[in-house]
Amino acid sequence: MWLGLVACVVLGTIPRARRASGAASRKPHPAHCSPDPLFLMLTFLSMFYYICLRRRSRSGTRGEALTSRRAVESGQRATLPISVEVEQYAKEVLDFSSHYGSENSMSYTMWNLAGMPNVYPSSGDFTQTAVFRAYGAWWEQCASAPLPFRRTPKAFHSQDYIELAFEEPVYPTAVEVLETYHPGAIVQIMACSLNPFSQNPPTDVRWEVLWAEEPTKVLTPQARQFSPSIKQLSFPTNLIRVEVNSSLLKYYTELDAVVLRGQKERPILSRYKMPRIDICDLSDSDEELSDPGASFRQARDGKHINLGNGYFDKLPYELIQLIVSHLTLPDLCRLTQTCKLLRQHCCDPLQYIQLSLQPYWARLSDTSLGHLQGRCTLLQRLNLSWTGNRGALTLTGFSSFMKACGGSLVCLELSCCHFLSEPCLEVISQTCPGLQELNLSSCDRLHPQAFTHISKLTRLRRLVLYRTRIEQTAMLRILTFCIELRHLNLGSCVMIEDYDVVASMLAVRCRSLRSLDLWRCRSLSERGLAELAAGCRLLEELDLGWCSTLQSSSGCFQHLARNLQCLRKLFLTANRTVCDSDIEELAANCPALQHLDILGTRMVSSSSLRKLLQACPKLLLLDVSFCAQVDARIVQELCGLFPNVAIKKSFTQ
């Protein structure tokens with residue numbers, strides 16, 4: 001304003017309005033034609049004073065701003081937490097799907113993962129490590145293996161899992177798994193927002209994937225420290241879940257310890273994340289915009305033809321059903337939101353004859369089951385394994401779903417479902433009269449009394465009770481009524497007191513039995529085994545691993561070989577009394593044998609093994625680990641003579 005006024009005065013360009021008003025009030029005078037010198041001096045002084053004030057004001061503002069900014073930055077540096085990385089080993093094993101060891105011991109059990117490493121960096125087969133129950137693809141090739149479910153996502157590879165709790169919640173920067181034998185089984189590492197040691201658990205439990213990959217085949221069985229690159233979390237965690245797939249391994253994988261590294265305070269960079277933008281979503285063209293008239297096309301005569309749902313209207317209903325059947329469950333649910341025609345196809349009960357919810361265990365809830373309930377009226381095979389834990393599924397939600405959709409069920413997989421209770425099994429027995437397959441593997445929190453309801457499922461053909469608390473009374477009741485059993489798994493059922501009684505009942509009531517798993521059933525004697533072999537002559541698979549009460553000197557194994565000539569799989573693991581006579585009897589009577597495990601025997605020589613390999617051309621697996629008379633040289637020689645047989649011989653450094 002001042003600069004404009006000065007310019008006007010100096011140049012004599014005072015606005016015409018003022019001149020006009022001056023002319024009207026007085027006559028022109030020669031003195032008015034040139035500016036007054038005193039007026040010019042005052043004007044310049046005022047202008048100079050104004051400029052000085054402005055400069056001082058600006059310099060002061062900048063200085064104060066700079067001082068203020070430095071103070072803020074210094075204050076932030078003073079209050080920012082020091083990023084100290086915490087390293088901690090697992091404090092407690094919370095849950096797992098299976099393990100090689102016994103429920104009453106520490107050898108080869110998952111509980112060995114708690115605490116500091118016992119073996120690493122050594123390599124080899126050590127009892128102080130954690131070992132899962134199975135390995136390799138041959139386990140899924142057995143007659144007792146269930147059929148795979150359709151619509152299982154290709155990205156889902158997990159077969160087993162273990163959940164570990166750590167002392168302090170941290171924002172993870174690294175997860176390290178010490179693998180001491182045959183590494184490469186880990187396919188996914190997850191973190192949970194729940195603090196397992198908190199007295200007030202949150203209502204919303206979140207699971208986030210830190211790292212996931214396909215199963216890998218590591219060429220060397222040597223130990224390694226597996227530390228994949230993990231993503232950052234928005235919450236602290238002290239609950240880590242490791243999932244494995246051992247199908248590509250040549251032998252059991254062994255884990256020694258798990259290390260969780262992280263910071264107690266959230267990293268600064270993770271607080272200011274930029275949103276991820278997919279470059280495919282950035283387009284300047286209007287071609288991708290929806291056309292309101294796309295369903296109308298103009299014919300040659302100028303008339304408009306209404307195509308409705310496009311060319312889908314011209315396809316047969318069955319063909320669209322076939323196309324939709326290749327979608328995964330989430331894609332199927334998303335497709336229902338596109339149009340009425342595809343919604344009709346996606347909600348057709350024929351699309352839900354088989355339903356595997358195991359890959360979505362972290363997100364499944366009562367609400368999810370409620371949404372699926374109306375579509376599953378023709379459901380025949382249902383897989384709920386691993387689901388519902390920590391309150392995600394309740395008795396109300398499960399019962400409602402089973403009452404609406406369980407009438408046609410023939411297969412129900414409930415492995416590791418810790419939400420199950422006695423009322424749940426009662427609902428199953430009432431709503432699934434035609435059930436033929438039931439898997440309750442590792443449901444170790446079910447009360448023993450709950451298993452009595454299984455006896456009402458009289459059409460059962462496959463029953464898996466591995467690592468459950470079933471007692472002898474309930475088991476005998478089941479065998480009394482479920483006489484159509486073909487496959488029975490009682491591995492690690494430690495609460496059954498007398499397995500001889502169970503074996504005798506099987507021989508009388510279940511003569512069509514094809515597979516029987518008695519892994520670590522320590523009360524089975526020669527008498528019970530003899531009755532079982534005499535009554536269940538159709539047995540193709542028999543697992544007697546770690547049944548230490550059986551003695552070869554009684555002739556029980558030779559009697560077994562003579563009576564069970566259909567045997568394809570026989571596990572005599574850790575029975576140190578197995579001798580050459582037993583092996584020769586198997587060679588003479590069991591030509592269909594495919595899998596034989598005699599780990600730990602002291603009395604089997606290479607000569608009897610050679611006879612077995614020559615007499616059993618279908619043999620695929622022979623485990624002679626820790627056999628005293630079979631060294632690495634003999635194994636190498638036999639592998640050269642019989643290249644189609646996987647002969648296993650573990651080692652210890």
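This report describes the fold, confidence, salt bridges and selected residues of a single chain.

**Overall picture**

The structure is a predicted model. Its chain has 653 residues, of which 47% are buried. Within the chain there are 17 helices and 23 strands. The accessible surface amounts to about 33,400 Å², and carbon and sulfur atoms account for 54% of that area. When contacts between residues at least 6 apart in sequence are considered, 78% of them join residues at least 24 apart.

**Confidence**

The average pLDDT of the chain is 86, and 81% of the residues score at least 70. Residues 59-73 fall below 50, and in the model this stretch makes zero contacts beyond near neighbours in sequence. Another stretch, residues 273-300, also has pLDDT under 50. For residues 273-300 the model has 16 contacts beyond four places in sequence.

**Salt bridges**

The count of salt bridges comes to 25. Three of the pairs are set out in the table, each with the distance between nitrogen and oxygen.

| Pair | N to O distance |
|---|---|
| Asp500 and Arg527 | 3.5 Å |
| Arg562 and Glu585 | 3.3 Å |
| Glu637 and Arg610 | 3.1 Å |

The salt bridge of Asp500 with Arg527 has its closest N and O atoms 3.5 Å apart. This pair links distant parts of the chain, with Asp500 in helix H12 (residues 499-509) and Arg527 in helix H13 (residues 526-535), 27 residues apart. Asp500 counts as buried because its relative accessibility is 6%, under the limit of 20%. Arg527, by contrast, is partly exposed at 46% relative accessibility.

Arg562 and Glu585 meet through their side chains in a salt bridge of 3.3 Å. Here the two partners are 23 residues apart, Arg562 lying in helix H14 (residues 556-563) and Glu585 in helix H15 (residues 580-589). Arg562 has a relative accessible area of 40% and is therefore partly exposed. Glu585, with a relative accessible area of 17%, is buried.

The side chains of Glu637 and Arg610 also form a salt bridge, at 3.1 Å from N to O. Helix H17 (residues 632-641) holds Glu637 and helix H16 (residues 606-615) holds Arg610, and the pair is 27 residues apart. Glu637 is partly exposed, with a relative accessible area of 35%. Arg610 is likewise partly exposed, at 28%. Elsewhere, Glu163, Arg241, Glu243 and Arg390 are joined into one network by salt bridges that share partners.

**A buried leucine**

Leu621 belongs to strand S22 (residues 621-623). Its relative accessible area is 4%, so Leu621 is buried. Beyond residues up to four places away in sequence, Leu621 touches Tyr135, Trp138, Gln594, His595, Leu596, Val645, Ala646 and Lys648. Gln594, one of these partners, is 27 residues from Leu621 along the chain, and the C-alpha atoms of the two are separated by 6.4 Å.

**A nonpolar surface patch**

On the surface, Phe312, Leu315, Leu319, Leu322 and Ile323 form a nonpolar patch. Together these residues have about 410 Å² of accessible area. Leu315, one of the patch residues, sits in the loop between strand S11 (304-306) and helix H5 (317-324). Leu315 is partly exposed because its relative accessibility is 32%, which lies between the limits of 20% and 50%.

Key: Residues are numbered from 1 along each chain as its sequence is written. This is a predicted model: local features need pLDDT of at least 70, side-chain atom pairs count only at pLDDT 80 or more; totals for chains, interfaces and linings use all residues. Side-chain values use heavy atoms; hydrogens and water are left out. Patches are made of residues with over 30% relative accessible area and no salt bridge: like charges are joined within 9 Å, nonpolar side chains (Val, Leu, Ile, Met, Phe, Trp, Tyr) within 5 Å. Accessible areas come from the Shrake-Rupley method with a 1.4 Å probe; for residues, only the protein chains shown count as cover. A salt bridge is a side-chain nitrogen of Lys or Arg within 4 Å of a carboxyl oxygen of Asp or Glu. Helices (H or I, at least four residues) and strands (E, at least two) are DSSP runs, numbered from the N terminus. Buried means under 20% relative accessible area, exposed over 50%, partly exposed in between (1.4 Å probe, protein chains only). pLDDT is the predictor's confidence in each residue, from 0 to 100. Contact means heavy atoms within 4.5 Å.
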